[in-house]
Amino acid sequence: MDVFPSVAADAAATIATDMDRHGYGVVENCIPSDLLSGLRQFIEDRVQKNGGEYIAFSAAELAGTLLQELSRSANFQQVCRQLYESGTRKPAPPVSFYNILRCLAGQTGEQNAYFFHYDSYVLTILVPILIPTEGQPGDLIMFPNTRPLRKTYFGNLIDKFFLDNRLMQTHLRKGVLSGGLKPEKIRMTPGNVYFFWGYRSVHANESCDPDKIRATALYHYVDPHSDSWLRNTLLSLRGRKPQMSQPVAVAQPA
Ligand SMILES: O=C(O)CCC(=O)C(=O)O
Ligand SMILES: [Fe+2]
């Protein structure tokens, strides 16, 4: 049985319109809570083993979990393909996700908040697993669709250069905290799945209380510059696999 419901074409079209107009679209109540609870247990155990601090898991470490099942779900892949096609007017390539599970907790969770970035992938799907119900929930904050898909990787690098520097990061963080800047704030509910144009939208997450866990699974779909010579040369010089521009995981899973 598919872990994700079938989303009708007109419902997917509504999600795409919401993403264009308000920054994000949502499929509500699509992940049953009994499926989420096994994953929560896994997360709580691993965060505890990690001294109550931030931890992130790659797709390989998620083998056998609900999150891997979701990445293989035909219904989930179908809605991602439809959104991609409606957003880019291009045929959707075969689905392969860059998948990560982020668990914010402790003091190191704080260091992974307010990092404003563009994703390297066109479509971002966010599946909240654990969101604190007391104190700060760690909302997703977003300035939707602030840039188009760049034709070249170099164009993309220029955007990142202007965003990923101390001056701009401080300006955005202070602006958001003082209320001078008003991003979309998305208070996520576990069970729902959220879609946004991660490549096109400046986004970050707020912090949550250090004694709470905030866990989100991210699925990233289609790197528009995967064939770029410049990108591949830079990545091989740095000797690392392509991924989004997030701070590195602070700790390895135990
Ligand atoms: O966890 C979140 O709310 C967002 C994380 C994010 O934007 C990312 O990992 O690219
Ligand atoms: Fe992101």
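How far apart are the mean positions of the 26 positive and 24 negative charges of the chain? In this predicted model, the two mean positions are separated by 8 Å.

**Figure 1. Overall view of the predicted chain.** Eight helices and nine strands make up the secondary structure of the chain. Its C-alpha atoms occupy a box of roughly 45 × 45 × 40 Å along the principal axes. The radius of gyration is 17 Å, which agrees with the value near 18 Å for a compact globule of 254 residues. Of these 254 residues, 52% count as buried. The exposed area of the chain is about 12400 Å², of which carbon and sulfur atoms supply 54%. Among contacts with a separation of 6 or more, 88% join residues 24 or more positions apart.

**Figure 2. The largest nonpolar core and the surroundings of Ile129.** The largest nonpolar core contains 46 residues. Phe4, Ile43, Phe76, Leu101, Ile129 and Phe195 have the most contacts inside this core. Beyond its neighbours within four places in sequence, Ile129 is in contact with Leu36, Leu39, Arg40, Ile43 and Leu67, and also with Leu101, Pro190, Ala215, Thr216 and Ala217. A second core, separate from the largest, has 16 residues, including Ala56, Leu126, Met142 and Met188. In soluble globular proteins, nonpolar side chains tend to be buried together.

**Figure 3. Ser201 in the loop between β7 and β8.** The loop that holds Ser201 follows strand β7 (193-196) and leads to β8. Ser201 counts as buried because its relative accessibility is 0%. Residues up to four places away in sequence aside, Ser201 touches His117 and Tyr118, together with Met142, Phe143, Pro144, Asn145 and Thr146. Ile158 lies 43 residues from Ser201 along the chain, and the C-alpha atoms of the two are separated by 15 Å.

**Figure 4. Asn145, a loop residue touched by Ser201.** Asn145 is placed in the loop between β5 (140-143) and α6 (153-163). Its relative accessibility is 17%, so Asn145 counts as buried under the 20% cut-off. The phi of Asn145 is near 50°, a positive value in a residue other than glycine. Most residues other than glycine have a negative phi.

**Figure 5. Tyr114 in the loop between α5 and β4.** Tyr114 is found between helix α5 (106-111) and strand β4 (123-130). Here too a residue other than glycine has a positive phi, near 55° for Tyr114. Tyr114 is buried, with a relative accessible area of 11%.

**Figure 6. Asp209 in the loop between β8 and β9.** Asp209 is situated between strands β8 (202-205) and β9 (214-221). Is Asp209 buried or exposed? Asp209 counts as buried because its relative accessibility is 17%, whereas the cut-off is 20%. Once residues up to four places away in sequence are set aside, Asp209 touches Glu134, Gly135 and Gln136.

**Figure 7. Thr17 in helix α1.** Helix α1 comprises residues 9-22 and includes Thr17. With a relative accessible area of 30%, Thr17 is partly exposed. Thr17 and Leu230 are 213 residues apart in sequence, and the distance between their C-alpha atoms is 33 Å.

Terms used:
Residues numbered from 1 in each chain as written. Chains lettered and ligands numbered in written order. Predicted model: local features only at pLDDT ≥ 70, side-chain atom pairs only at ≥ 80, totals over all residues. Heavy atoms only, no water. Core = buried A, V, L, I, M, F, W, Y, C linked by side-chain atoms within 4.5 Å. Buried < 20%, exposed > 50% of the residue type's maximum accessible area, 1.4 Å probe, protein only. Contact = heavy atoms within 4.5 Å. Helix = DSSP H or I, 4+ residues; strand = E, 2+ residues; numbered from the N terminus. Rg over C-alpha atoms; globule rule 2.2 N^0.38 Å. Areas by Shrake-Rupley, 256 points an atom, 1.4 Å probe, with all protein chains shown as cover. Lys, Arg positive; Asp, Glu negative; His and termini not counted. Charge placed at Lys NZ, Arg CZ, Asp CG, Glu CD.
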